[in-house]
Amino acid sequence: MAKAKKKQKMSAPKKVLIAVAALVALMGVATIPFVTATAEADTFIYIPKGSTMEALSDSLKQNTGEAFASRVTTLLRLSGMNVEARHGAFQIKAGESALKAAYTLRRGEPSELKFTFNNVRTLDEWARRAAAKFQPSKEDFLKALKDPELCKKFDHTPSNIGCILLADSYKFYWDVTPEKLLKNFYNYYQQFWTDERTAKAKAMGLTPDDVVIVASIVEEETAKRDERGKVGRLYINRLQKKMRLQADPTVKFAIGDFSIKRITLKMCAYESPYNTYRVAGLPPGPIRLPEKQTIDAILDSKPHDYIYMCAKSDFSGYHAFAVDLAEHNENARRYQAELNKRNIK
């Protein structure tokens, strides 16, 4: 006896297609434009919690044009979409039909958004960039970053929470909450700090956060990637010798003026826990959000005996390194002379 064939479960998109096909059959060729109209360019449609069909329709018009939006909105109304129950970011790709777009908005999975950041110096700037990408406001993100109890959940404080925000590319949902975002960043931070990396830091007498803070200073000190490991090792040498770091970028951060070209004695006396001319050891937190590559460059750097450095007088962007103060003073004299020659104050 032949076995009865198993019924195959029909997919949701297929059901929608059949329903629309039936609608076309009932209403005639007038419905064809609603099915064949296509999007002209890639775009995202954002649906906040508690949105309305009118708000969604307006968003479609702004992002896809009047004609396409009108057809998608009509299909959504005919489908009985409950807009209030939907939220997130939904991608509509160039060439997609109005039918496909309507299905995406009604039943499709929300899209994750790519969040890439680098060259970020302050948490305020990071919060602004996050707010430009996701639903929460800049104030929402800053409130989370400054919340001691929330930071404690991720083994950090408001002073050093920036250590977990390693510059890179990530993906999150548009309506992610600040707490959820920080939790994800903390998970990425833990994944980055493998046993091998942690052991390398420990061999230098540093914690993972210590290395992140050193890396933040190094990135402000030099834009030359091939020099960052060497510069980082110099600062570690100073820490090991109980010397003050005397890092110019920490003065700029403390003052809050990154445009300073020439550090003066008065600036070096500026009172701040971030001013490493005044305080011993590392600042309480990073002075920028460093890249993972910089951290690895420091962890993999070759040991050397340099404890002094000065920008080269050729303004190449590289540094002249020295073991003793006399050699350093000579390097500094040449650099200061060149600053004077160029009238850089």
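Does Lys242 count as buried or exposed, and at what relative accessibility? Lys242 counts as exposed, because its relative accessibility is 76%, and exposed residues are those over 50%. The model discussed here is predicted.

## Overall composition

The protein chain holds 16 helices and 6 strands. It has 345 residues, of which 43% count as buried. Among contacts in the chain with a separation of 6 or more, 64% are between residues 24 or more positions apart.

## Nonpolar cores

In soluble globular proteins, nonpolar side chains tend to be buried together. In this model the largest nonpolar core comprises 60 residues. Within this core, the residues with the most contacts are Phe117, Trp126, Leu165, Phe185, Trp193, Tyr235 and Ile295. Helix 11, which spans residues 208-221, gives the most to this core, with 7 residues. A second core, separate from the largest, has 20 residues, including Ile47, Leu56, Leu75 and Leu76.

Ile295 is one of the residues with the most contacts inside the largest core. With its neighbours within four places in sequence left aside, Ile295 is in contact with Leu166, Phe192, Trp193, Val211, Val212 and Ala215. Trp193 is itself listed among the residues with the most contacts in that core.

## Packing of helix 12 against helix 15

The axes of helix 12 (225-240) and helix 15 (residues 292-299) come within 8 Å and cross at roughly 60 degrees. The two helices are therefore oblique to each other, because the angle is neither under 35 degrees nor in the range 65 to 115 that counts as roughly perpendicular. The crossing of helix 12 past helix 15 is right-handed.

On the helix 12 side, the contact is made by Arg228, Gly229, Gly232, Arg233 and Ile236. Helix 15 contributes Thr294, Ala297 and Ile298. By class, the residues of this contact divide into 3 nonpolar, 3 polar and 2 charged.

## Helix 13 and its surroundings

Helix 13 covers residues 248-255. Its buried residues are Pro249, Thr250, Val251, Phe253 and Ala254. Helix 11 and helix 14 (265-268) are included in what covers these buried residues. After helix 13 comes Gly256, which has a positive phi, near 85 degrees.

## Positive phi outside glycine

Most residues other than glycine have a negative phi. Asp155 departs from this pattern, with a positive phi near 60 degrees. Asp155 is located in the loop that runs between helix 8 (148-153) and strand 4 (169-173). Its relative accessibility is 56%, so Asp155 counts as exposed.

Phi of Lys242 is likewise positive, near 60 degrees. The loop that contains Lys242 lies between helix 12 and helix 13. As stated at the start, Lys242 has 76% relative accessibility and counts as exposed.

## A buried serine in helix 3

Ser57 is part of helix 3, which spans residues 53-64. Why does Ser57 count as buried? The relative accessibility of Ser57 is 9%, and buried means under 20%. Not counting residues up to four places away in sequence, Ser57 touches Ala69 and Thr73.

Methods: Residues are numbered from 1 along each chain as its sequence is written. This is a predicted model: local features need pLDDT of at least 70, side-chain atom pairs count only at pLDDT 80 or more; totals for chains, interfaces and linings use all residues. Side-chain values use heavy atoms; hydrogens and water are left out. A nonpolar core is a set of buried Ala, Val, Leu, Ile, Met, Phe, Trp, Tyr and Cys residues joined through side-chain atoms within 4.5 Å. Buried means under 20% relative accessible area, exposed over 50%, partly exposed in between (1.4 Å probe, protein chains only). Helices (H or I, at least four residues) and strands (E, at least two) are DSSP runs, numbered from the N terminus. Contact means heavy atoms within 4.5 Å. Axes are lines fitted to C-alpha atoms, for helices over the stretch in contact, and angles run from 0 to 180 degrees between N-to-C directions. Angles under 35 degrees count as roughly parallel, over 145 as roughly antiparallel, 65 to 115 as roughly perpendicular and the rest as oblique. A crossing is left-handed if the near helix is turned anticlockwise from the far one by less than a right angle, and right-handed if clockwise. Ala, Val, Leu, Ile, Met, Phe, Trp, Tyr, Cys and Pro count as nonpolar, Asp, Glu, Lys and Arg as charged, and the others, Gly among them, as polar.
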